[in-house]
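Colleague: Please give a close account of one part of this model, namely how its strands are arranged and what surrounds them. I should like each term to be given with its cut-offs.

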Amino acid sequence: MILIGFMGCGKTTIAHILGKQLNKKVIDLDAVIPELAGQTIPEIFASEGEAAFREYEFQALKQTLGEDVIIATGGGVVTYGKSYSTLIELKNRPVYFLNAPFEKLYKRIQQDENRPLGNQDIEKVRDLYQSRLGKYKALSDLEVSTLQTVEETASEIIAHMNRTNHGS
């Protein structure tokens, strides 16, 4: 399964809960990217720019899709054409869009120095969220609110998987 959504929606946390409950390995693309690049995400943005970061993200996505794992993507994975096309072509992997009201998401990320795009003024971050919203919705099998507890969010995803017979 693949989890998508804006920064601060809880992809990594919920992926780990799902991994424990489903006995599946979890891959957080934001953890794979620094290994590929040999530098941290803020360093990639500073030295190579966002375009290079998105290419690393695409490479990380491609290398993990062959595994039977839960993948937590970065919030901007939908903005890079090759990553978006790869995700839209998936037929046998459910994609879950984790979402919450923008103000809640912004509050969760505004002090996080590991989020180069989240450390802008609120209107710029809101524009970023709005620009991605349609793509998240287009890719997802189900939109899940993260206003509930992380356990409730994971349970909702598992219930959907069981109803639709998605095993991965």
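**The sheet and its surroundings**

Modeller: Strands β4 and β5 pair in the parallel sense over four bridges; two strands count as paired if DSSP finds at least two bridges between them. Helices (H or I, at least four residues) and strands (E, at least two) are DSSP runs numbered from the N terminus. The model is a predicted one, in which local features need pLDDT of at least 70 and side-chain atom pairs count only at pLDDT 80 or more, whereas totals for chains, interfaces and linings use all residues. Residues are numbered from 1 along each chain as its sequence is written, and side-chain values use heavy atoms, with hydrogens and water left out.

Within the β4–β5 pairing, tyrosine 96 has leucine 142 of β5 as its bridge partner. Helix α8 (residues 150–164) packs on the sheet and touches β1, β4 and β5, a contact being heavy atoms within 4.5 Å. The direction of α8 makes about 160 degrees with that of β5; axes are lines fitted to C-alpha atoms, for helices over the stretch in contact, and angles run from 0 to 180 degrees between N-to-C directions.

The sheet as a whole is open and has five strands in the order β2-β3-β1-β4-β5, with parallel pairing. Because β2 (25–28) and β5 (142–145) stand at the edges, each with a single partner strand, one side of each has no neighbour in the sheet. Direction ignored, neighbouring strands are turned by 25 degrees against each other on average.

On the other side of the order, four bridges join β2 to β3, and aspartate 28 has alanine 72 in β3 as its bridge partner. Two bridges connect β1 with β3, again in the parallel sense; here isoleucine 2 is partnered by isoleucine 71 in β3.

In a regular strand the side chains alternate between the two faces of the sheet. Strand β3 (residues 69–72) is covered on both faces, with Val69 and Ile71 buried on one side and Ile70 and Ala72 buried on the other. Buried means under 20% relative accessible area, exposed over 50%, and partly exposed in between (1.4 Å probe, protein chains only).

The largest nonpolar core has 55 residues, and Met1, Leu3, Phe6, Leu18, Tyr96 and Ile157 have the most contacts inside it. Such a core is a set of buried Ala, Val, Leu, Ile, Met, Phe, Trp, Tyr and Cys residues joined through side-chain atoms within 4.5 Å. Helix α7 (residues 122–139) gives the most to this core, with six residues. Leucine 18 touches, among others, Met1, Leu3, Ile70 and Ile157, residues up to four places away in sequence not being counted.

The count of aromatic pairs is six, where rings of Phe, Tyr and Trp (its six-membered ring) pair if their centres lie within 6.5 Å, and planes under 30 degrees apart count as stacked, over 60 as edge-to-face and the rest as tilted. Phenylalanine 6 and tyrosine 129 are edge-to-face, at 5.3 Å centre to centre and 85 degrees between the planes. This pair links the loop between β1 (2–4) and α1 (11–22) to helix α7, across 123 residues. Phenylalanine 6 is buried at 0% relative accessibility, and tyrosine 129 is buried at 5%. Phenylalanine 97 and tyrosine 136 are stacked, because their ring centres are 5.0 Å apart and their planes at 25 degrees. That pair joins strand β4 (residues 95–99) to helix α7, the two residues lying 39 apart.
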